[in-house]
Amino acid sequence: MTVDDRFGPAYREPHEDEFPITRNEIITGPVADWATDFSHLEPEWSADPYPIQDDLRQRCPIAHTERFGGGWLPVRYADVAAIAYDTERFSSRAIIMSNVRPPREIAPVGGSPPISSDPPFHHHARKLLLPAFTKAAVGRQEPSTRAFCHTLLDAVDGQDVVDAARDYAQHIPVRVIADMLGFPPEDGPQFREFVEDLLEGINLPTDERIQRVNRLFDYLVRQVDAHLERPRDDLTSYLLSAELGGRKLDPDHVVGTMALLLIAGIDTTWSAIGASLWHLARTPADRERLMAEPGLLPTAMEELLRAYAPVTMARLVTGDMHWRGVDMKADDWVLLSFPAANRDPAQFDRAGEVVIDREVNRHAAFGLGIHRCVGSHLARMELRVALEVWLRRIPVFSLADPDAVTWAAGQIRGPRTLPLRIG
Amino acid sequence: MKVHIDSGRCQGHGRCYDLAPDLFGDDDEGYGQVLGDGLVPPGQERAARLAVANCPERAVDLLEET
């Protein structure tokens with residue numbers, strides 16, 4: 001077995017964190033007023049956040065909450081863009097709004113570089129990943145992705161009702177990212193649990209949440225071991241051999257980036273595929289138009305990404321300041337809602353409508369500025385292939401039961417149950 | 001007409017080389033690059049305008065030459 005001192009016994013032993021995390025009281029329950037008590041974890045938000053965001057845009061437009069230890073929610077495109085571009089005053093050291101703030105000392109690296117990193121470290125950590133995620137590089141995954149989509153539909157062939165979220169959308173990104181990281185494809189069901197633990201279990205008791213996060217890290221360290229023993233041509237071996245400034249990466253950097261690639265690639269794309277199929281199931285005119293004009297799909301996809309952008313990020317305010325009419329305090333959260341920005345009428349004509357042939361579409365579904373989603377080309381490939389295969393195999397479908405559709409709670413929003421009637 | 005990318009603003013979204021592949025390509029990190037001298041040949045004006053109008057970072061410009 002190859003020896004790698006970075007992952008020796010000392011790394012595996014439970015160790016007290018050098019700097020303590022900040023915990024705050026967990027507040028749940030119905031929201032009194034979205035302008036002063038917002039929570040993206042309540043069912044009203046996950047069921048349909050857009051009327052809430054539209055209302056806030058009219059009367060607020062930067063909402064506040066005392067939950068999560070205090071945070072802000074801008075809903076105008078201009079504000080979301082300004083925050084995304086201002087990495088000095090809005091840090092990425094935590095990007096999931098929760099009841100725990102990581103210590104300031106972990107900046108500028110953060111727990112899962114480069115998404116959790118600030119300049120100047122961010123640039124170097126991101127540069128390591130970019131070549132693996134170019135359009136040409138992810139194009140090499142397209143034939144296997146297409147074949148896998150067909151396999152998924154073969155398995156439900158002949159059924160009157162298919163759950164497009166559970167039986168189709170969720171499996172596609174799981175398989176693709178497992179292949180890229182070199183993880184066993186049969187571990188896929190575990191990945192879904194990791195995603196739920198990290199992104200949806202936000203209001204669980206903090207100790208339980210930490211325990212769940214540790215399960216993911218134990219799994220990743222086992223994958224590190226397997227790759228040290230037998231290096232392969234995949235992202236895990238690449239990260240293990242990569243260097244920054246002439247030195248191998250810190251072990252926390254390796255494992256943190258593996259966690260990022262695994263988690264960020266899954267329910268985001270799963271959500272985008274599911275939301276697109278949900279829209280087409282309830283909008284026969286758009287579905288029929290795409291069948292008649294397959295060349296419209298790339299344009300339509302961008303519109304579906306705009307209207308149903310799955311990803312909301314978070315930032316932490318770096319210092320007390322008066323910002324666009326509100327008094328932000330150091331370590332306040334900012335919920336960076338790209339979905340809300342994408343529906344701002346000041347930025348988009350007919351912002352609240354899905355215009356399937358919208359040609360001018362400067363949407364922010366993949367973020368803005370230095371943290372533009374590293375996997376955006378991969379996500380677009382998966383979404384396009386998933387929709388092409390579905391529409392070819394199942395041209396006619398509708399919602400089997402609109403009330404049975406469920407949506408993920410938290411910062412990544414998309415259908416988690418989506419029963420579609422076929423034919 | 002000539003296309004131009006402000007490399008200080010480009011973040012590699014790739015909308016330009018998706019929408020106008022005859023005018024733009026990408027480098028080995030996915031950042032957009034103008035192909036050749038950037039002159040827009042006849043028939044490519046519409047693609048050029050789409051690339052400009054869809055860049056989320058407003059990094060693509062179309063310079064009208066007189």
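The following conversation concerns the fold of chain A.

Student: What kind of model is this, and how are residues numbered?
Tutor: This is a predicted model, in which local features need pLDDT of at least 70, side-chain atom pairs count only at pLDDT 80 or more, and totals for chains, interfaces and linings use all residues. Residues are numbered from 1 along each chain as its sequence is written, while chains are lettered from A and ligands numbered from 1 in the order in which they are written.

Student: How many helices and strands are there in chain A?
Tutor: Chain A has 18 helices and 16 strands; helices (H or I, at least four residues) and strands (E, at least two) are DSSP runs, numbered from the N terminus.

Student: What share of its residues is buried?
Tutor: Of the 423 residues of chain A, 46% are buried, a term that requires 20 or more other C-beta atoms, placed from the backbone, within 10 Å of the residue's own.

Student: Changing topic, which strands form the open sheet of three?
Tutor: The order is 6-16-13 in chain A, with antiparallel pairing; two strands pair if DSSP finds at least two bridges between them.

Student: Which strands stand at the edges?
Tutor: Strand 6 (161–163) and strand 13 (397–399) of chain A each have a single partner strand, so one side of each lacks a neighbour in the sheet.

Student: How many bridges join strand 6 to strand 16?
Tutor: Three bridges join strand 6 of chain A to strand 16 (residues 419–422) of chain A. Among the residues involved, A:V162 has A:L420 in strand 16 as its bridge partner.

Note on methods: A residue is buried if 20 or more other C-beta atoms lie within 10 Å of its own, exposed if 12 or fewer, and partly exposed in between; C-beta atoms are placed from the backbone.
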